[in-house]
Structure formats: structure tokens, C-alpha cells
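Me: Pick one part of this model and take me through it close up, please. I'd like the cut-offs as you go.

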Amino acid sequence: MRADIDATAVYPRPAEQVWAALTSSAALAAWLMPNDFEPVAGRAFTFTTKPAPGFDGIVRCRVLELDPPSRMVWSWAGGMGLETTVTFTLTPDGDGGTRLRMHQTGFHGLSGQLVRRILGSGWPRLLGRQLPAWMDELTGTASGPVPVSCAAGWRAYLGVVRHWRDAATR
């Protein structure tokens, strides 16, 4: 069983500002998690947070691709055998704005679906509130939260239901 998280937000900012928020260790620490990130293809890094049952609080990552200021891909591994890939894609969105798409793939099995559900509820808050708040603070402007479209729940839920239905009819 596979599912993914696909979140999109549009920021009223140029791509360079959004890119800086994705590729600065200090910025990532402010809106995501403390880390030792450096924007270098091939470089391993970690995020750290509070441990939880089945999770030691460490997310082990590697920069797989880096194409400034439009695309970055990370491996993302931690807790319950989770090994996913996170892709950030930035595209212009008229009037100087930037569309950010965050796509996380690789959630396998029941434990993967549990983690996907947890992360799927967190990414909209991170991308819609915490990231814009950090950019507002950095620039001294007040654009506020942005809406985030996140196709994590229903898409995965339908996959689970189809899997059970197909298994029952065999």
C-alpha cells in the first residue's frame, strides 16, 4: 500500500525569499525543526525534535537534488522504518508570488500510513502558518498565514478502502 502527501501553498513573495526559507539552516530551524542542514547536493543532515513512541526524535536526511531556486529533493528517514522522499518545487504565480509544492512519497505499509497521517496533518500548519510567519519576521512585513491545499488524507484513505475491498472480493 502506498500513499503520499501533496501540499501546495502560494506566497505573495518572490521565489528567492521562499527558496531562502527552504535552504537556510536557521530558517528551517525557525519554521520546521532544529537541524544541521547545508544546501549542498549529496550532503547528509538531521532534523531533531522531541522523541515519541517508536521515534527517537531524529530525522535523517540527505540532499538528493538541488536546482536553485526552483527544486530541491531530500531523502527523509526516521521512526518506524520510514524512508521517504520530500520534493520542494517553486514556480512563479503571477504578481510576483511563488507557488510552493511539497510532495512527500514512500509511505509503505500500515506503519507508513500512520506516519503519513501524522505528517499530513503537520505540513499544512508548517507551510501555511510557520513558514509565512518566519518570512514576515525576516522582511518586517505582515502578509500573514496562507491557505494550503494538502491531498494527504482522502487519497490515501481511498487507497486503503480499495485495497480492503479488492482483498475481500478475491
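Reply:
**The pocket, the rings and a buried threonine**

With 8 residues, H3 gives the most to the lining of the largest pocket. Helices here are DSSP runs of H or I with at least four residues, strands are E runs with at least two, and both are numbered from the N terminus. Bear in mind that this is a predicted model: local features need pLDDT of at least 70, side-chain atom pairs need 80 or more, and totals for chains, interfaces and linings use all residues. Numbering starts from 1 along each chain as its sequence is written, and side-chain values use heavy atoms, with hydrogens and water left out.

The largest pocket (an open set of points on a 1 Å grid over the protein atoms alone, where a 1.4 Å probe fits with protein on both sides within 12 Å along at least five of seven lines) has a volume of about 530 Å³, the space filled by probe spheres set on the points. It is lined by 23 residues, and Met-33, Thr-49, Phe-55, Ile-118 and Leu-119 are the closest to its centre; lining means an atom within 4 Å of a point. E4 and helix H3 (109-139) are the elements that give two or more residues to this lining. By class, the lining splits into 17 nonpolar, 4 polar and 2 charged residues.

E4 takes us to the rings. There are 10 aromatic pairs in the structure, with ring centres within 6.5 Å (planes under 30 degrees apart are stacked, over 60 edge-to-face, the rest tilted). Phe-45 and Phe-47 sit 5.4 Å apart by ring centres with planes at 80°, so that pair is edge-to-face. Both Phe-45 and Phe-47 are buried, i.e. under 20% relative accessible area with a 1.4 Å probe, protein chains only. Phe-45 also pairs edge-to-face with Trp-74, at 5.3 Å centre to centre and 75° between the planes. That pair links distant parts of the chain, since Phe-45 is in strand E2 (residues 44-48) and Trp-74 in strand E4 (residues 71-77), 29 residues apart. Like Phe-45, Trp-74 is buried. Ring pairs join Phe-37, Phe-45, Phe-47, Trp-74, Trp-76, Phe-88 and Trp-123 into a cluster.

Two of those Trp residues lead on to Thr-84, in strand E5 (residues 83-92): leaving out residues up to four places away in sequence, Thr-84 touches Trp-74, Ser-75, Trp-76, Gln-104, Thr-105, Gly-106 and Phe-107 (heavy atoms within 4.5 Å). Thr-84 is buried at 4% relative accessible area. Its side chain makes a 2.8 Å polar contact with that of Gln-104, meaning N or O atoms within 3.5 Å, one able to donate a hydrogen and the other to accept it.

Note on methods. Phe/Tyr/Trp six-rings, centres within 6.5 Å; stacked < 30°, edge-to-face > 60°. Buried < 20%, exposed > 50% of the residue type's maximum accessible area, 1.4 Å probe, protein only. Nonpolar A, V, L, I, M, F, W, Y, C, P; charged D, E, K, R; others polar.
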